[in-house]
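This text walks through one protein structure, starting from a single residue and moving on to the surface and the pockets.

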Amino acid sequence: SALADKPFAGELGVQAPLGLFDPFGILDDGDEERFKLLRYIELKHGRIAMLAFLGQVVTKMGVRLPGYLDRANTVAFKDIPTGFSALSKIPTG
């Protein structure tokens, strides 16, 4: 079949009818080292995204770190709002 002829057709996660999802043809050359690197990077970014989501949920629940955000002890973690509104409250100096 057409799926079996493609590189990495037997790898974990490759499923019919789509096969290996590579819409930009990044893995057309069949370089196994590049495939392993890209798989590692995808897993790493997925885990970071899951932690970011968990951090957002925990923060929305009202859980904050103890202490202060800046060295001058003027901005406490509990004073920083959630979401994008937090960006304007973070000290720059």
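**From one residue to the pockets**

Val 63 has a relative accessible area of 48%, so this residue counts as partly exposed, a class that sits between the buried limit of under 20% and the exposed limit of over 50%. The model is a predicted one. Along the chain, Val 63 is found in the segment that follows helix H1, which covers 32–60.

On the surface, Val 63 joins Phe 53, Val 57 and Met 61 in a nonpolar patch of about 420 Å². Val 63 also takes part in a pocket: with Gly 55, Thr 59, Arg 64 and Pro 81, Val 63 is among the residues nearest the centre of the second largest pocket, which has 13 lining residues. The volume of this pocket is about 170 Å³. Its lining consists of seven nonpolar, five polar and one charged residues.

The largest pocket has a volume of about 380 Å³. Its lining is made of 14 residues, and those closest to the centre are Leu 20, Phe 21, Leu 27, Phe 35 and Glu 42. Sorted by class, the lining of the largest pocket holds 10 nonpolar residues, one polar and three charged.

A further residue in the segment after H1 is Asn 73. Its relative accessibility is 49%, and therefore Asn 73 is partly exposed. How far apart are Asn 73 and Leu 18 in sequence and in space? The two are separated by 55 residues in sequence, and their C-alpha atoms are 55 Å apart.

Notes. Residues numbered from 1 in each chain as written. Predicted model: local features only at pLDDT ≥ 70, side-chain atom pairs only at ≥ 80, totals over all residues. Heavy atoms only, no water. 1 Å grid on protein atoms, 1.4 Å probe; cavity = no way out; pocket = protein on both sides within 12 Å on 5 of 7 lines; lining within 4 Å. Points joined across faces, edges and corners; volume = space filled by probe spheres on them. Nonpolar A, V, L, I, M, F, W, Y, C, P; charged D, E, K, R; others polar. Patch = residues over 30% accessible without salt bridge, like charges linked within 9 Å, V, L, I, M, F, W, Y side chains within 5 Å. Areas by Shrake-Rupley, 256 points an atom, 1.4 Å probe, with all protein chains shown as cover. Salt bridge = Lys/Arg side-chain N within 4 Å of Asp/Glu carboxyl O. Helix = DSSP H or I, 4+ residues; strand = E, 2+ residues; numbered from the N terminus. Buried < 20%, exposed > 50% of the residue type's maximum accessible area, 1.4 Å probe, protein only.
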